[in-house]
Amino acid sequence: MMGAGLLLTLLLAAPAVGPVRFPDLSGLESAVAAQLGEMQRLLAEQVSASVAAPVKVAGSYGDLGQVYLAYAFNDAAADCFQGASRLDPKDFRWPYLLGAAQQAAGRLDEAVAAFEKALTLSPAPPASGAGNVHLGEIRLLQGRLDDAEAALRKAVAFPPTAAMAHSLLGQVALARRDFHAAAEHLEAALAAVPEASRLHVPLAMAYRGLGDRAKAEEHLAKAGAVGLRAPDPLLDGVASLRVGERVAVMRGRVAAQAGRYRDAAEEFRRALAVRPESVEARVDLGSVLALAGDRSGAMEQLREALRLDPGNVTAHFNLGALLADGGAPEEARAHLEAAVAGRPDDAEARRLLAKVLRDGGQLPAALAQYRRAVELAPGDEAARLGEAETLVRLGRYAEARNRLDEALGLMPGSGLLTHAQARLLAACPERAVRDGERALKLALAVWQAQPSAAHAETVALALAELGRCDEAATWQRTAADRARSESPARLAVLNGALAAYEKGPPCRP
Amino acid sequence: MGVATGDYDNDGWMDLYIANYGSNQLWHNNGDGTFTDVTAVAGADDPRWSAGATFADLDRDGWLDLFVLNYVDSSVQNNVRCYAPSSRRDYCGPQAFQPVPSRLLRNRGNGTFEDVSIKSGIGRKAGPGLGVVADDLDGDGWQDLFVANDGSPSFLWLNQKDFTFKEDGLLAGVAVNAAGKPEAGMGIAVGDCDGDGDDDLFITHLTGETNTLYLNQGGGVFEDATARSGLGAPSLPYTGFGTAWIDFDNDGWLDLAAFNGAVNLNGAQWAKGDLFPYAQPDQLFRNQGGCRFVEVGPEAGAAFRTPRVSRGAAFGDVDNDGDTDIVVVDTDSPVRLLVNETGSRRPWLGLRLVGKPAGAKGERDLLGARVEVLRRAAPPLWRRSATDGSYASASDPRVLVGLGDVPEVTEVRVFWPDGAAESFPPPPLRTYTKLLRGTGKTLPPPGAPK
């Protein structure tokens, strides 16, 4: 690898080209440093060989600039594109990429000048489409709304960039408080790219501005994190110049966040190809394989991660969760215990361990874990419910009722907890704990919120506890009716209770 | 990480809450220049990573409640490695960790607090909070809470008047920016920058994002007005922390200060061997009227020209000369005091808004009070008494009102945090005047103080 000092000298020797502010390559991932070092060496060689045509040297500057840009060395990239542009002033790519580097560095006026120059050199699509999107975006940031609109109107005419241009025109309209135009543009953008869930937010703001609150709320409910970007032939290529483990891991995580688990797995595999000992990439690969439904592949990766790093808490947790779900409670327990030991304040890990312990009949140990989970996360509904269910299984009914009351005091709107309390009060084996009136009130509340078979069954239980057997039978029929698609065993249970209710008093469960 | 100030026991002395990585501390002001750590007895601790706090009377009972702002669950045990786009090791962003819910403590009025986090709704939603303010943002006369989350949608907790809160940031238009994108919320400035009688929000963000201005259109409906304000593009290269609306030149319009410093290393500074390569210039913007700004930092003195790694900033009239000075905390360098030599050239009004709530031993600043200064032949000016906002800092609760070229004040109206409103005759100019709740002429209680 050539030293930066020597390279600087060589570059300064190139006529009509300013110096490049080289990034320091120390501390970079070795594959990245090697890539950049090699590119710098090649450029230096070309500059020193005075026979090279300026156009070729420009190409080398441009190539290095693109690699710099890929790693966000924006100043160095800008220097390279300036150099390329001076050596080959007719090639639109260099001012275009210079514009991108300046935009990334936050130098917006310089970015505008560069993009405008590029568009003068190449006024036709596809460069003009993406270039005008950049110009529109920058002008919007600068608050120059008329200029932004003018650029985006050009981009909207080119189909590949139309959706992005519409979304930005929507933002221009929002900035002008022209809610009608904003809604039109944003609807057009969403119609073209329905998965761009982030656009639902500005669209909701447009509808809110138009006074249509219902529509605004409807769009906010659909809002997500998936954004929109226009295809950009030059810059899309730049991203692919990155090498190494890190970039693959980052790409994988972005894909996983967007729910593209296969793409994410592919990126994590790429990372592992560069650095097979990367525990991080392996844990991530295991996680996305699990999310994609490949359980055995996920477990294989997580086991390998633990072989490399036996204390990796995330791997222990994820493997424990998979094993718990996959009918291997003993092995799951060992991993979850390791996760809890590694991260004692992780309420989720404690809750999962508690469930495994409870399902394995180790009720006191399960209760201890649930209690700690509740201490750590008092608003964790599942932990609260698990704690109460464990108390019920231990026969500590009054305590279960009290803990559920405490939880409901904190979370009065919790359907899960309300339902659990309704069932306990309606059908507790310890009759002193029962309270039919309150059970009925709670059961009706959850039924109104969600009219399911289970909730109808609980209303019936509460009515039966009150001795209102005819009404209980009616509700039980509703439950059986709604449970038609459930298992025969479940239907048999429901019908058994129905028969008891139909016999009349006493029909208490 | 951060501090909050407020007289939680109504003894007339401002107490101090310190938000830490680990256990927090409540220091009781003994009134003799000493403080006592009363964290345990008051029940005011939070062992998680807290980034700030605010004292506010959220139930109008005359006692300041305490909101403790929490960040993420990060520890040696769950440490992860993070990298810059260049592949170099770098600080992790909040996405690398689990966010943590904040804590709400209700003042029992006996020197202790009750943890009502879950019951109030606040503790049921986790977010990596870095900035918090208490203010009546929907104009119903009750203090709401706004939390700037780092890289996640911000929260607007609307006070339901029964010590429960409804999170309504998305519909209110303050959770994410105009593009629908969450930003790296850090510092918060609250004030009426367009002079329409309600408080607007300005949030500082990360390099590559703009700082964002949310204009209050009344009733808690906000619009992202960054693009047309002139505040977006100049903030793009910088990571903002401390910030506040201050009328630095006392012309009657709230200007804006933003204190910057990167969190991801600057390659050029690093290559030069800078051991702390995160320096960025601070910024000062002049409000040209109606919330349209122009950057004037470079003309405001060397303090705004020299790049530093700024974080916290507290605002107040340190030398009592009638303009707002600034105390800035930079990393790895001494605290700076920026003395304003400009504002006091114009006429000004200084107010301390105090009261003696039931059971109080002394008068205390009634944080959250809003003041409307009426002038002859000029629009009214709206200001608020607060110590919170900015980033991890506590500011001067006194209200400083620059009068510009229209110094003829006809009336001062105060909208107290307990819902009452009073009118006071014009106080003298160029000095601080104490307005005591209950000594003014009663005004009809406002639904919305507009």
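# Cysteines, core and contact in close-up

**A free-standing cysteine: A:Cys428 counts as buried, its relative accessibility being 1%.** What you're looking at here, and in the views that follow, is a predicted model. Why is there no bond from A:Cys428 to A:Cys507? The sulfur in A:Cys507 is the closest cysteine sulfur to that of A:Cys428, but it sits 17 Å away, so the two are too far apart for a bond. The cut-off for calling a disulfide is 2.5 Å between sulfur atoms. Another cysteine of chain A to look up is A:Cys80, which counts as buried with a relative accessibility of 0%.

**The chain A disulfide: A:Cys469 is bonded to A:Cys507.** Over all chains the model has 3 disulfides, and in this one the S to S distance is 2.0 Å. Rotate about the S-S bond of A:Cys469 and A:Cys507 and you'll find a torsion of about -100°, so this disulfide is left-handed. A:Cys469 belongs to helix H27 (residues 469-482) of chain A, while A:Cys507 comes in the segment after helix H28 (488-502) of chain A, so the bond ties together parts that are 38 residues apart in sequence. Both A:Cys469 and A:Cys507 are buried.

**A right-handed link in chain B: B:Cys82 pairs with B:Cys92.** The sulfur atoms of B:Cys82 and B:Cys92 lie 2.0 Å apart. The torsion about their S-S bond is about 100°, so the handedness is right. B:Cys82 is in strand S8 (residues 82-83) of chain B; B:Cys92 is in the loop between strand S9 (89-90) and strand S10 (98-99) of chain B, and the two are 10 residues apart. Is each end buried or partly exposed? B:Cys82 has a relative accessible area of 12% and is buried, whereas B:Cys92, at 25% relative accessibility, is partly exposed. The line between those two classes is drawn at 20%, so B:Cys82 and B:Cys92 end up in separate classes.

**The other chain B disulfide: B:Cys193 is joined to B:Cys291.** Here the sulfur atoms are 1.6 Å apart. The S-S torsion of -95° makes the link of B:Cys193 and B:Cys291 left-handed. B:Cys193 is in the loop between strand S17 (188-191) and strand S18 (200-203) of chain B, and B:Cys291 is in the loop between strand S23 (283-287) and strand S24 (293-295) of chain B, so the bond ties together parts 98 residues apart in sequence. B:Cys193 counts as buried at 0% relative accessibility, and B:Cys291 does too, at 3%. Number the bonded cysteines of chain B in sequence order and the pairing reads 1-2, 3-4.

**A leucine inside chain B: B:Leu130 sits in strand S13 (residues 129-135).** B:Leu130 has a relative accessible area of 6%, so it is buried. Which residues does B:Leu130 touch, leaving out those up to four places away in sequence? The contacts include B:Met1, B:Ala51, B:Leu69, B:Tyr71 and B:Ala148, and also B:Asp150, B:Gly185, B:Met186 and B:Tyr391. For a ruler check, take B:Thr54: it is 76 residues from B:Leu130 along the chain, with 12 Å between the C-alpha atoms.

**The fold around that leucine: chain B has 6 helices and 36 strands.** Of the 450 residues in chain B, 62% are buried. A compact globule with 450 residues would have a radius of gyration near 22 Å, and chain B agrees with this at 21 Å. The C-alpha trace of chain B spans about 65 × 50 × 45 Å along its principal axes. Among contacts in chain B with a separation of 6 or more, 54% are between residues 24 or more positions apart. Chain B exposes about 15,700 Å², with 53% of that supplied by carbon and sulfur atoms.

**Where the chains meet: chain A contributes 43 residues to the contact and chain B 35 residues.** Between them the two chains bury about 3,300 Å², and 61% of it is on carbon and sulfur atoms. On the chain A side, zoom in on A:Leu141, A:Arg198 and A:Arg208, which lose the most area to chain B and together make up 17% of what that side buries.

**A stretch to treat with care: residues 1-13 of chain A have a pLDDT below 50.** Chain A averages a pLDDT of 90, and 96% of its residues score at least 70. Residues 1-13 still have 24 contacts in the model beyond near neighbours in sequence. Where pLDDT is low, predicted coordinates shouldn't be read in detail.

Conventions:
Residues numbered from 1 in each chain as written. Chains lettered and ligands numbered in written order. Predicted model: local features only at pLDDT ≥ 70, side-chain atom pairs only at ≥ 80, totals over all residues. Heavy atoms only, no water. Helix = DSSP H or I, 4+ residues; strand = E, 2+ residues; numbered from the N terminus. Buried < 20%, exposed > 50% of the residue type's maximum accessible area, 1.4 Å probe, protein only. pLDDT = per-residue confidence, 0-100. Contact = heavy atoms within 4.5 Å. Rg over C-alpha atoms; globule rule 2.2 N^0.38 Å. Areas by Shrake-Rupley, 256 points an atom, 1.4 Å probe, with all protein chains shown as cover. Buried area = accessible area lost by both parts, 1.4 Å probe.
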